[in-house]
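Grab a pencil and open the viewer. Try each task yourself before you read its solution.

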Amino acid sequence: MTAATVSSPNAGDAPRPRTLSKSDFIMARECAAKLYFRENGYPDARDSNAYLAMLARGGYMVEALAKARYPNGIQLEYGRDVSGDAARTRAALEAPNVTLFEATLLVGRRQARVDILEKRGDVLRVIEVKAKSFDSVEHARQVAQNRSGVFLTQRRPYRVESKWDGKLADLTFQVVLLEQLMPGLTIQPVLALVDKSKAAGLDNVPGYFELVGRTASDGTMRLHTARFTGSAADLAQLDLVTEVDVAREVATMHDQVAELALRFESRLDAPFEAHLEGVELAPYCKKCEFRTPGQPRNGFAECWGDLAHAEPHVLELYRLGTAKGPGGTRMLPYMLDRHSASLLEAPTDALVQADHNPGGDAARQLRQIDSTRRGVPYVGPALRGNIESLTGPVHFIDFETSRLALPYHRGMRPYGLVTFQWSVHTALSLGGPLEHREWLNNADIWPNQSFAESLRDAIGDDGAVVTWSHFEETTLKQIVADLEHFGRDVPELVQWMADVFERRIVDLHQWACRDYYHPGMRGSTSIKVVLEALWRSDPIMRRQFTEWSGFAGAPADDPYQALPPIEINGVRQEVREGTGAMMAYQEMMYGEHKHDAAIRDRWASLLRQYCRLDTLSMVLILEHWRRAVGLA
Ligand code: SF4
């Protein structure tokens, strides 16, 4: 499996030499074995991840905004010829003063593309743009108090905070290369970050950007970059990116990054076994991007060998990292020592919940193993009483929201909350007829106040407000804070929301964590997983679904697959998860056909059928539980 080059998927293209890019390096730092899979073209599950694609879109816009502040910046083209790209960068840097976008650095086989590289005489500013939110006011306050700032731990010896580790390692990697390429120059590392202490001065911020695609080597069109299309005056109104000097932070990780980069570079062509040095099979393997069952090549299967195929797998155990094995060991290493990865063989003696908390880790782990072994659901002692406490009208609610790096509306901060849709199913009494109501924003204004007002009109002051997770509670609290930020004087609305989140919300997710387990849940309590587990085994649920939704779903699918696609402008579109809803809303409000009423209606229909099923899901699960405890 050893090779000195990466083969091209296009017949006729010459293989290109392997290099260690910034993203290769960051991935190898997470787990060294990943470098082998990446360099050898193994399938990567992130390529089909809609949420990551949406974040990438936002990232390109932030980068374009950061670059727009350098009107004389020179955009360097780059492609498959890294040596040629690097030569062009070196030539451009001969100028005494120059600003380059996408400069290519190449030292040996380590390479980096720099977002913005500014040379002023003997000083080089290397600017890495990240669509990560940062509070410049808080950072400045801490630094003024001689504290370490937001990037470093608060206690000595100062280390980079884990949430900034990857971003700063990326920048440090570039600094290490520049030191070798441009010795004698002063290098200033800078992060350009989305600043949540600032607010947009314009509406429809995404409308000021053009997204640019490029044909990838596999023939598909991929998003390549974005351009800011506004004027200098517009740019002044969109002061949302702050550059911050991070020389101190980079210094704390410089030597480690330099040493690791050399090590990974030396392994670029090495066989798989050489990449395994220091690698441990661990709970994080569950979410490995190279876990691609069903694909011809599956990196996870190479790491785990025959243990990859255990069914049910111990990686499904709820919070496996906290699970104890016999004799003070940790469960996973204990099992791996005995060459087992089957959840059915997981040792349970050490799973003792010291405080008798039914929602505690050990209690849930024990419950999961026991229920899976016996193949029957667990119904806890409190579930029936919890359900019986739901008297009077019961409102099942679900919100759709988005938080984008660059906000839609004037006055909003980066990553500000937009609440664009709600759905409510109301039962006057459990088991009784259902009434459905919904609201979807259709106006290009900050919608959160209308969202809350329409919800108040729908569910009034009486009855439990049933949710799955604390998301709806957190969202209402955020709207309260936002109303103040926008200067809206609506005390009655604020009081109503406070009453909802302080007194009326009942969180079914908590019930699932403490008093319910079904073997099909595989350690998860996400509503979609719980629904799917029950759906497969409960014909009554499937019948109710058809009766209440008008759709028919197959027992082997999950009910969201029953939602029909809708053809919009010649393309069959579907929304079956939250990211899809955010993207559909974005298309409806800000897409190319935003002025076409018929197309808007179709996007709205997709959004409505999806959100409606979210609240119906809670009804279906609660009805299943009522049958399970003998109340229906
Ligand atoms: S399966 Fe685990 S060990 Fe293998 S590459 Fe993924 S995270 Fe690393």
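Below are five exercises, each with a worked solution.

Before you start: this is a predicted model, where local features need pLDDT of at least 70, side-chain atom pairs count only at pLDDT 80 or more, and totals for chains, interfaces and linings use all residues. Residues are numbered from 1 along each chain as its sequence is written, and side-chain values use heavy atoms, with hydrogens and water left out.

**Exercise 1. A helix with a hidden face**

Check the length of helix α15, then work out where its buried residues sit around the axis.

Solution. Step one: helices here are DSSP runs of H or I with at least four residues, and strands are runs of E with at least two, numbered from the N terminus. The expected span of a helix is 1.5 Å times one less than its number of residues. For the 15 residues of α15 (471-485) that gives 21 Å, and the end C-alpha atoms are indeed 21 Å apart.

Step two: look for buried residues, meaning under 20% relative accessible area with a 1.4 Å probe, protein chains only (exposed is over 50%, partly exposed in between). In α15 these are E472, T475, L476, I479, D482 and L483. Viewed down the axis of α15, the buried residues fall within an arc of 120 degrees, so they line one face of the helix. That arc uses the directions from the helix axis to the C-beta atoms.

Step three: find the cover. Contact means heavy atoms within 4.5 Å, and the elements covering the buried residues of α15 include β12 (394-403), α14 (448-459) and α16 (491-504).

**Exercise 2. The big core**

Which residues touch the most other members of the largest nonpolar core?

Solution. A nonpolar core is a set of buried Ala, Val, Leu, Ile, Met, Phe, Trp, Tyr and Cys residues joined through side-chain atoms within 4.5 Å. The largest one has 83 residues, and L390, W468, M497, W511, L622 and W625 touch the most other members. Helix α21 (597-628) gives the largest share of this core, 14 residues. Now zoom in on W625: leaving out residues up to four places away in sequence, the residues it touches include W468, W511 and Y516.

**Exercise 3. Sheet edges**

Find the strands at the edges of the open sheet with 6 strands.

Solution. Start with the order, β3-β4-β5-β6-β7-β10, with mixed pairing. Two strands pair if DSSP finds at least two bridges between them. At the edges, β3 (74-75) and β10 (241-245) each have a single partner strand, so one side of each is left without a neighbour in the sheet. Further in, β5 (110-120) and β6 (123-134) pair in the antiparallel sense over 5 bridges, with I116 opposite I127.

**Exercise 4. A hairpin**

How many bridges join β13 to β14?

Solution. Count 7 bridges, with the strands running antiparallel. Across this pair, W422 stands opposite W439. The hairpin has 6 residues between its strands, and G431 takes a positive phi near 85 degrees.

**Exercise 5. Two residues to classify**

Is F545 buried or exposed, and what about S402?

Solution. F545 is in helix α19 (539-549) and has a relative accessible area of 0%, so it counts as buried. Among the residues that F545 touches, not counting those up to four places away in sequence, are W535, P559 and L613. S402 is in strand β12, and at 3% relative accessibility S402 is buried too. With the same sequence cut-off, S402 touches Y408, G416, L417, V418, F420 and M582.
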